[in-house]
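Please look over the sequence and the model below before reading on. The paragraphs that follow go from the overall fold to a few individual residues.

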Amino acid sequence: VQERGHPTFILSNISEEFLNKLLPKHLFLKSFTGAVFSYEVKTIKPHEKIYRALIDKYHLDPKECVFIDDS
């Protein structure tokens, strides 16, 4: 997706502690264009605030976004 010029983002409910354990082992996490984690905005999905944080931080147009989730 990124090779075709599309930015990719992480929007996750992961805790800061768990993220810090994952990053050294899973370097692909650093390959995304950007990220918003629940611990940063003090809320979790599916609360609108976390989606709005990603949209605002990266100046995204929700009409041009596709959201893919694991559940």
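Two residues are said here to touch, or to be in contact, when heavy atoms of theirs lie within 4.5 Å. In this sense Ser38, leaving out residues up to four places away in sequence, touches Ser12, Asn13, Ile14, Thr43, Ile44 and Ile50. The model is a predicted one, and the contacts of Ser38 are best read against the fold as a whole.

The protein has 3 helices and 2 strands, which follow one another from the N terminus in the order β-α-β-α-α. Its radius of gyration is 12 Å, close to the 11 Å that the globule rule gives for 71 residues, so the protein is as compact as a globular protein of that length. Along the principal axes, the C-alpha atoms fill a box of roughly 35 × 30 × 25 Å. Of the contacts in the protein with a separation of 6 or more, 53% are between residues 24 or more positions apart.

Turning to the surface and the interior, 30% of the 71 residues count as buried, while the protein exposes about 5700 Å², of which carbon and sulfur atoms supply 56%. There are 10 positive and 10 negative charges, and the mean positions of these two sets are 4 Å apart.

Which residues of α3 are buried? They are Ile50, Ala53, Leu54 and Ile55, and these residues pack against β1 (9–12), β2 (34–37) and α2. An α-helix has 3.6 residues a turn, so residues three or four places apart point the same way. Ile50, one of the buried residues of α3, is also among the residues that Ser38 touches.

Ser38 itself lies in helix α2 and counts as buried because its relative accessibility is 7%, which is under the cut-off of 20%. The side chain of Ser38 reaches the backbone oxygen of Asn13 at 3.0 Å, and Asn13 is also one of the residues that Ser38 touches.

After α2 comes a loop that leads to α3 (48–58), and Lys45 has its place there. Is Lys45 buried or exposed? With a relative accessible area of 16%, Lys45 is buried, since buried means under 20%. A polar atom of the Lys45 side chain lies 3.2 Å from the backbone oxygen of Leu11. Apart from its neighbours within four places in sequence, Lys45 is in contact with Leu11, Ser12, Asn13, Ile50, Tyr51, Phe67 and Asp69. A cis peptide bond, with omega of about 15°, joins Lys45 to Pro46, and Pro46 is likewise found in the loop between α2 and α3.

Lys42 is found in this loop too, but Lys42 is exposed, with a relative accessible area of 70%. Although Lys42 is not a glycine, its phi is positive, at about 60°. A positive phi of about 55° occurs just after α3 at His59, which is not a glycine either. His59 is exposed, with a relative accessible area of 73%.

The segment after α3 also holds Leu60, which touches Phe9, Leu54, Ile55 and Cys65 when residues up to four places away in sequence are not counted. Leu54 and Ile55 are among the buried residues of α3. From Leu60 to Tyr39 the separation is 21 residues in sequence and 21 Å in space, C-alpha to C-alpha.

Technical notes
Residues are numbered from 1 along each chain as its sequence is written. This is a predicted model: local features need pLDDT of at least 70, side-chain atom pairs count only at pLDDT 80 or more; totals for chains, interfaces and linings use all residues. Side-chain values use heavy atoms; hydrogens and water are left out. Helices (H or I, at least four residues) and strands (E, at least two) are DSSP runs, numbered from the N terminus. The radius of gyration is taken over C-alpha atoms; the globule rule is 2.2 Å times the number of residues to the power 0.38. Buried means under 20% relative accessible area, exposed over 50%, partly exposed in between (1.4 Å probe, protein chains only). Accessible areas come from the Shrake-Rupley method with a 1.4 Å probe; for residues, only the protein chains shown count as cover. Lys and Arg count as positive and Asp and Glu as negative; His and the chain ends are not counted. The place of a charge is taken as NZ of Lys, CZ of Arg, CG of Asp or CD of Glu. A polar contact is a pair of N or O atoms within 3.5 Å; within protein, one must be able to donate a hydrogen and the other to accept it, and residues adjacent in sequence count only if both atoms are side-chain atoms.
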